[in-house]
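Hi,

Here is the structure I said I would pass on. Have a look at it first, and then read my notes below.

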Amino acid sequence: MIATSSNSRNLLLGFLVIAGSTVFLCIYWNLALELPLLGLAGLAVLLYVGAKCPEWFLVAALFAPQWKTFWVFKIVDKALDLTLAMLLCLVAALIWRLLFQLGRSHSADFRKIFFGQGNQILALCLFAAIVIASYAYTSAPNYGGSKLVRFLSIGILLFIAPFF
């Protein structure tokens with residue numbers, strides 16, 4: 001309990017230092033404060049969600065194509081692909097969760113996470129091999145290759161994420 005309180009206090013202090021330096025830089029360069037402070041608030045929410053319940057990013061990545069039609073997300077989607085942003089947040093949250101799991105287990109055995117899941121992982125590998133073999137029959141190699149890489153990377157990440 002004491003370590004958690006100390007860690008929370010340190011995270012809050014670090015975030016306040018970042019927020020204070022952002023405000024100072026905005027005042028120094030005569031920038032509007034609304035967007036940087038809104039971005040900092042969004043960053044705080046993303047960090048909290050990533051630390052407490054990273055599975056929300058999994059759900060957000062699955063529903064990102066439907067959310068791209070809302071006017072708020074259209075602006076974000078022009079700057080950065082919303083699905084890719086949610087997947088990057090998911091990867092960061094999974095790495096965070098994995099580090100804490102391995103730190104608490106007192107063993108560096110990564111295989112324990114996937115114990116008993118051999119058939120499912122083998123089926124995913126077989127499916128990925130079939131999809132990769134279908135690339136040989138594409139009439140547009142550039143477009144097909146980019147879609148193949150996107151499909152496999154997103155699909156494999158969404159498949160592996162629940163193991164953590």
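Leaving aside neighbours within four places in sequence, which residues is Ile 132 in contact with? Before I get to that, please keep in mind that this is a predicted model. As for the contacts, Ile 132 touches Leu 148 and Leu 152, once those sequence neighbours are set aside. Ile 132 itself sits in helix H6, and with a relative accessible area of 46% it is partly exposed. You can also look at the backbone here: the C-alpha atoms of Ile 132 and Gly 145 are 9.2 Å apart, and 13 residues separate the two along the chain.

Now for helix H6 as a whole. H6 covers residues 118-134, which makes 17 residues, and at 1.5 Å a residue they should span 24 Å. The C-alpha atoms at the ends of H6 are indeed 24 Å apart, so the expected span and the model agree.

Which residues of H6 are buried? They are Leu 124, Ala 128 and Val 131. Looking down the axis of H6, you will find these buried residues within an arc of 60°, so they line one face of the helix. Turn to the other side of H6 and you meet exposed residues: Asn 119, Leu 122, Leu 126 and Ile 130. Helix H7 (141-160) is included in what covers the buried residues of H6.

Next, the inside of the protein. The largest nonpolar core has 15 residues, and the members that touch the most others are Phe 57, Leu 87, Leu 90 and Leu 158. Two or more residues of this core come from each of helix H3 (55-67), helix H5 (82-105) and H7. Which element gives the most to this core? That is H5, with 6 residues. If you want one residue to click on, try Phe 57: not counting residues up to four places away in sequence, Phe 57 touches Leu 46, Val 49, Gly 50, Met 86, Cys 89, Leu 90 and Ala 93.

On to the aromatic rings. How many aromatic pairs does a search of the whole structure find? There are 3. In one of them, the ring centres of Phe 24 and Tyr 28 are 6.4 Å apart and the planes are at 20°, so the pair is stacked. Phe 24 and Tyr 28 are both in helix H1 (residues 2-28), where they are 4 residues apart, about one turn of the helix. Are these two residues buried or exposed? Phe 24 and Tyr 28 are both exposed.

Phe 127 and Phe 151 make an edge-to-face pair, with 6.0 Å from centre to centre and 65° between the planes. Phe 127 belongs to helix H6 and Phe 151 to helix H7, so this pair ties together parts that are 24 residues apart in sequence. Phe 127 counts as partly exposed at 42% relative accessibility, and Phe 151 is also partly exposed, at 44%. There is a cluster to look at too: ring pairs link Phe 24, Tyr 28 and Trp 29.

Last, the cysteines. The structure has 0 disulfides. Cys 26 is buried, with a relative accessibility of 5%, and Cys 53 is buried as well, at 13%.

Enjoy exploring it!

Definitions and conventions: Residues are numbered from 1 along each chain as its sequence is written. This is a predicted model: local features need pLDDT of at least 70, side-chain atom pairs count only at pLDDT 80 or more; totals for chains, interfaces and linings use all residues. Side-chain values use heavy atoms; hydrogens and water are left out. The expected span of a helix is 1.5 Å times one less than its number of residues. Buried means under 20% relative accessible area, exposed over 50%, partly exposed in between (1.4 Å probe, protein chains only). The arc is that of the directions from the helix axis to the C-beta atoms. Contact means heavy atoms within 4.5 Å. A nonpolar core is a set of buried Ala, Val, Leu, Ile, Met, Phe, Trp, Tyr and Cys residues joined through side-chain atoms within 4.5 Å. A disulfide is a pair of cysteine sulfur atoms within 2.5 Å. Rings of Phe, Tyr and Trp (its six-membered ring) pair if their centres lie within 6.5 Å; planes under 30 degrees apart count as stacked, over 60 as edge-to-face and the rest as tilted.
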